[in-house]
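Work through the exercises below with the model open. Each task is followed by its solution.

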Amino acid sequence: MKNLFWKVLTFFLIPLAFAYGQEKVITGTVSDSDGLVLPGVNIVVEGTTNGTQTDFDGNYSITVSEGEVLVFTYIGLKTSTRVVGDANVINIQMEMDAQALDEVLVVGFGQTSKRRLTDNIASISSEQIREVPVPNLQSTLVGKAAGVQITQVNGKAESGIQVRVRGVSTITGSQEPLYVVDGIPIINNNESVNDSPINPLIGINPDDIESIEILKDASSAAIYGARGTNGVVLITTKKGKQGKTNVSLRSSFGVSQATNKREWLNTEEYVELFTEAGLNSGFSEDELAGIFNIFSENEEDWREGLVDTDWQDLALVEGDVQDIGVSVSGGNEKTRFFISTGYNKTNGIVRGNRVERYSFRANMDHNVSDRFKIGINSAISKTQISRLSDDNAFATPLQAVAQIPFSRPFTDDGVTPNNETLYYNFLFQEFNADHNVNVWRNILNLFGEYQITDNLRFRTEFGYDLNNQVEERFFGSLTEFAATNGNADINSVQNEKYVLNNYFTYDNSFGPVDLNLVGGMSFEQDNRTLQTVEGQDFPSDDLQTIDSAGEIVAGGSSRTFFNFLSYFGRANATILGKYILKGSFRIDGSSRFGEEQRYGVFPAFSGGWIISEENFLKGNTALSNLKLRASWGLTGNAEIGNFDSRTLLGARTYNQNPGLSITQLGDPELGWEETTQTNFGIDLGFLNNRITASVDYYTKITDGILLDVPVPSTSGVQTVVRNSGELENKGLEFVLNTRNFVGDKFNWSTSFNIATNKNEVTALPNDADIIAVENIARVGEPIASFFLVEYAGVNSETGDAQFYRNTLLPDGTRDREKTNNFGEASRVVAGNPFPEIIAGLTNNLNFGGFDASFTLQGQWGASVYNRGGVFQSTNAHSLDNQSRDQLRRWQQPGDITDVPQARLDGGNGNQESTRFLDEADFVRLRNLTLGYTFPSGITEKLKIQRLRLYFTGINLLTFTDYNSWDPEATADFNAGNTLSAGIEFYSAPPAKTFTFGFNLDF
């Protein structure tokens, strides 16, 4: 009987085992519920590490055995499973899963879903920023988020980036948002030795980014408390996934040029204009010829036009961009990993400017047990920069446009720069000077997470951020330091931050209520060490280090630190799946503030109602989503000096005796700048969410703005920093996403965003104006409004420049009479340096293996003042070369023009006025990408998973009436000064880049 049992059992088991052991290739296509093919779907054989992904056309191929189970997963869609049977083709149509969307939106110390979101958060995925050939992370986001203005200061490759979230919220503090990488707030300090900022995030490789969330309203940002006023940018890097190990190679190369070049006078035009200007001012032709001969090697150079130097072409050159990267990712049920390395080299469009970056990242997480998980996210980069002087220096290349066109740039050997020019010849900086920067950046996050119960987990994170920057400059004996036989300096900064986060997360359901609670603490310490030394008198230009200096003329060092101690909490409740409530708080303590105001409390509340879940709308396909949102919160701005609240003493020497004196008067009540923000929003979905939209209205009121307030001089100082001032921002944001066409072969989607912002100063100390050269802070006006004499054109009979008097009359109006006496005219508020409207439009199209996408960005309502205009376009007031518009100058009575008569050293219209203020409205084709992905039939033969070729263009077209180089390019030496916003001064335009590349996946 027993033998019979085993025989029967063997009879059934052997065929079954054979069936399960029989391997075969399964192919198929994966699509969503609308039939849109899905690239990147993860397909894993259940219980194994055998897996693959769908290609660009949604196709896949995998070797399996009959009886095994295929698991299909994709973010935002329900997981699908299929048992392998007789069929060799398995096509899958995946359905949307609202619960799965909970995993894709990152918030402070947690995650949520757009469905349950009551805040205003802009989310940008890696697909939206890939293949944008720029050397910095922030520029990839341009035009992608409503209410977020992102501008590069100017066209230098390493140039600082300005990110403004919902307007300007402070006057003296930092305008930059808080950046958080994988949960760790990172360093965002500009450490440049000159006034031209270096982008602190230039060491981050954009290809390592999985997603970026921008927390815009106070309800989302208040969990970061004292640093949430300017918004919070959450950066999540890529992680490994369970399944087959994937290897990706990307490479691209492109060429760059300036987006725009201005027109300047050639030799013939220059001689004509300046001869006329000289004669108008009483010079004789012989005197003018003598002046011209000073700056020309031969008289024929200018009389016959033998020399016609285009100095702009010497300053703005063709650049190139090279980018290479390799990544490896994969894992199993226990361990997942992502490893990447990248190389980027950008030769800038400004002569002598270059950035070269090497980066490496390793992310790993490991399940120690079913309840305990540990991981590490680490990145290291080295960035080498060949730098230039700031815009406010004759050594900066673009100031060369002021040189006389018949001056030769080089001597007869064609190599050595000519030193007989009107101004210092910037070419000496390239041939007899060096300005180099090395930046090491290391960002590390170690974490452990323990699931205490099914509903309660604890997470601890330790973060470390090191920004080590060494900047060295050498100026040889042929440069402007010739009198000292050369000069050199070195500036070394070590800035490190330690972060410790500990927090609990509780998730549970109580009948119709889903509850999420978060509570914990955070500690941060930021240490900064600086060493500087300067030397001169070098025996040879070949010896360029400080060690070779004959004399050390300056040096110094400093050590500073500041810290934060914080406690935070958040509660989310979803009732019946349609009523949403959220509350959060953060208590921040900072060493930067006065003893009596060291701690601040930052609460926030929000609520939402998903009306489409009510019975009268549920299941409605026409109006598939309708949600109302409202939020209120309080945030702060702690980005001030480390010691602004304290009385400081400085070392002094009197009669060779050391001593101390007061250098700063402290205020023990110095507290936080606090911003109260209210947001009302509505989310809409139509036709099963094929069309989605959101509208938001917000108000931001910043109180207690930190300002320098005058104090009696008997105190030993002139001012003290105090909380005094108020700003208001308010605006509308509209976002529209549409899937215009969905098909098997052709798909087209569009994303559009537009936002308004109105900024107003509502209070200042004693309501007194704060004037900064061309800008003003005045109650009732936008911050940093332009404050200028109003230009009134040209007197058609005399050729004199005219100005409106604009003196205030008793009835409150202004005198609109014209005068040619600049001193008789009063200054008025004449423009706003910040845009009132910004917008972005992105389209994505796919047809077969071809894909195309483009982004348009635009802004309206801002103005830019060209401070260099008083030298560039002033009718030969000085010998500087002039812009070509001076050819339409007034020459005889009856001429109707806006350019006054040319007068050499005559001062006719060269004063600071609205003549040099221009509207900076523009629409720009920010990026265009065209690609082709080879069919799976070809890639399978090549033993690769995916091959894609593409072309990308950046800043290809700009539509604007702005008269200078570029409406976004502003003076780098004013980049960090809110009160000097919107000023241009020989500022290089951004680069227009054409790139070709490929992506190869194994």
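**Exercise 1. Aromatic pairs**

Count the aromatic pairs in this predicted model, then classify the pair Tyr-60 and Phe-72.

*Solution.*
- Step 1. The count comes to 32 aromatic pairs.
- Step 2. Take Tyr-60 and Phe-72: their ring centres lie 5.7 Å apart. The cut-off for pairing is 6.5 Å, so these rings qualify.
- Step 3. Their planes stand at 75°. Planes over 60 degrees apart count as edge-to-face, so that is the class of this pair.
- Step 4. Place the residues. Tyr-60 belongs to strand E4 (residues 59-65), and Phe-72 to strand E5 (residues 69-73). The pair therefore ties together parts that are 12 residues apart in sequence.

**Exercise 2. Domain layout**

State how the protein chain is divided, and how far apart the domain centres lie.

*Solution.*
- Step 1. Domain 1 covers 2-94. Domain 2 is assembled from 131-239 + 317-639 + 683-790 + 825-867 + 914-1001.
- Step 2. Over C-alpha atoms, the centres of domain 1 and domain 2 are 45 Å apart.
- Step 3. Domain 1 gives 12 residues to the contact, and domain 2 gives 18 residues.

**Exercise 3. The interface**

Describe what domain 1 and domain 2 bury between them, and check for salt bridges and polar contacts.

*Solution.*
- Step 1. The two domains bury about 1,100 Å², with 50% of it on carbon and sulfur atoms.
- Step 2. Sort the residues of domain 1 that touch domain 2: two are nonpolar, six polar and four charged.
- Step 3. Look for salt bridges between domain 1 and domain 2: the count is zero.
- Step 4. Look for residue pairs in polar contact across this interface, both at pLDDT 80 or more: the rule finds zero.

Definitions and conventions: Residues numbered from 1 in each chain as written. Predicted model: local features only at pLDDT ≥ 70, side-chain atom pairs only at ≥ 80, totals over all residues. Heavy atoms only, no water. Domains from an automatic or database assignment. Contact = heavy atoms within 4.5 Å. Buried area = accessible area lost by both parts, 1.4 Å probe. Salt bridge = Lys/Arg side-chain N within 4 Å of Asp/Glu carboxyl O. Polar contact = N/O pair within 3.5 Å; in protein donor to acceptor, adjacent residues only side chain to side chain. Nonpolar A, V, L, I, M, F, W, Y, C, P; charged D, E, K, R; others polar. Phe/Tyr/Trp six-rings, centres within 6.5 Å; stacked < 30°, edge-to-face > 60°. Helix = DSSP H or I, 4+ residues; strand = E, 2+ residues; numbered from the N terminus.
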